[in-house]
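Colleague: Hi, have you got a few minutes to go through this one with me? I'd like to hear what you see in it.

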Amino acid sequence: MSKVTMVMGYPASGKSTVTKELAKKGAVVLNRDTEGGTIVSLLPKMESLLKDGKDVILDNLFPTIEVRKPFIELAKKYGAHMHCAFLS
């Protein structure tokens with residue numbers, strides 16, 4: 001079963017530092033700043049990784065429930081274990 005970790009919080013809250021530590025365990029990091037595009041454009045990439053059984057780390061602000069919801073629903077669709085970490 002894949003794991004999805006959503007690392008979210010305000011700018012300069014430590015998201016990238018936490019993400020780097022988590023990525024050492026082999027998960028693939030998806031971040032809009034490095035991938036380009038919009039936050040929603042990460043969804044197809046996330047789906048592809050989950051189809052391949054990969055663990056995913058989402059590193060972004062994710063400021064509202066509405067922004068987080070499609071990512072959580074996609075994780076559920078693939079039966080992935082979802083963990084959200086809010087850094088302040």
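Colleague: Let's start with Ala12: does it count as buried or exposed, and at what relative accessibility?

Modeller: Happy to help, and bear in mind that this is a predicted model. Ala12 counts as exposed, because its relative accessibility is 86% and the exposed class begins over 50%.

Colleague: Where is the place of Ala12?

Modeller: Ala12 sits in the loop between E1 and helix H1, the latter covering 15–23. Its phi is near 65 degrees, a positive value in a residue other than glycine. Most residues other than glycine have a negative phi.

Colleague: What about Phe62, which also has a phi to talk about?

Modeller: Phe62 is not a glycine either, yet its phi is positive at about 45 degrees. You'll find Phe62 in the loop between E3 and H4.

Colleague: Is Phe62 buried or exposed?

Modeller: Buried: Phe62 has a relative accessibility of 2%.

Colleague: OK, changing topic. How many residues are in the largest nonpolar core?

Modeller: The largest nonpolar core has 17 residues. Val4, Met46, Val56, Leu58 and Phe71 have the most contacts inside it. E1, helix H3 (42–51), strand E3 (56–60) and helix H4 (65–77) each supply at least two residues of this core.

Colleague: And which element gives the most to this core?

Modeller: H3 does, with five residues. As background, nonpolar side chains tend to be buried together in soluble globular proteins.

Colleague: Can we zoom in on Val4? What is Val4 in contact with, leaving aside neighbours within four places in sequence?

Modeller: Val4 has Met46, Leu50, Val56, Leu58, Ala75, Ala80, His81, Met82 and His83 as contacts, once those neighbours are left out.

Colleague: Next to Val4 in the sequence there's Thr5, so where does Thr5 lie?

Modeller: Thr5 lies in strand E1, residues 3–9. Thr5 counts as buried because its relative accessibility, 16%, falls under the 20% cut-off. Beyond its neighbours within four places in sequence, Thr5 is in contact with Leu22, Val56, Ile57, Leu58 and His83.

Colleague: Back to the helices. At roughly what angle do the axes of H3 and H4 cross?

Modeller: The H3 and H4 axes cross at roughly 20 degrees and come within 10 Å. That angle is under 35 degrees, so H3 counts as roughly parallel to H4. The crossing of H3 and H4 is right-handed.

Colleague: Which residues in H3 and H4 meet?

Modeller: On the H3 side there are Leu42, Leu43, Met46, Glu47 and Leu50, and they meet Pro70, Phe71, Leu74, Ala75 and Lys77 in H4. The residues of this contact divide into eight nonpolar, two charged and no polar.

Colleague: While we're in H4, what is Arg68 in contact with, apart from neighbours within four places in sequence?

Modeller: Arg68, which lies in helix H4, is in contact with Met6, Met8, Phe62 and Pro63. Arg68 is buried, with a relative accessible area of 18%. Between Arg68 and Ile39 there is a C-alpha to C-alpha distance of 9.7 Å, and the two are 29 residues apart in sequence.

Colleague: Last one: what does Thr19 touch, not counting residues up to four places away in sequence?

Modeller: Thr19 touches Val7, Val29, Ile57 and Asp59. Thr19 belongs to helix H1 and is buried, with a relative accessible area of 4%.

Technical notes
Residues are numbered from 1 along each chain as its sequence is written. This is a predicted model: local features need pLDDT of at least 70, side-chain atom pairs count only at pLDDT 80 or more; totals for chains, interfaces and linings use all residues. Side-chain values use heavy atoms; hydrogens and water are left out. Helices (H or I, at least four residues) and strands (E, at least two) are DSSP runs, numbered from the N terminus. Buried means under 20% relative accessible area, exposed over 50%, partly exposed in between (1.4 Å probe, protein chains only). Contact means heavy atoms within 4.5 Å. A nonpolar core is a set of buried Ala, Val, Leu, Ile, Met, Phe, Trp, Tyr and Cys residues joined through side-chain atoms within 4.5 Å. Axes are lines fitted to C-alpha atoms, for helices over the stretch in contact, and angles run from 0 to 180 degrees between N-to-C directions. Angles under 35 degrees count as roughly parallel, over 145 as roughly antiparallel, 65 to 115 as roughly perpendicular and the rest as oblique. A crossing is left-handed if the near helix is turned anticlockwise from the far one by less than a right angle, and right-handed if clockwise. Ala, Val, Leu, Ile, Met, Phe, Trp, Tyr, Cys and Pro count as nonpolar, Asp, Glu, Lys and Arg as charged, and the others, Gly among them, as polar.
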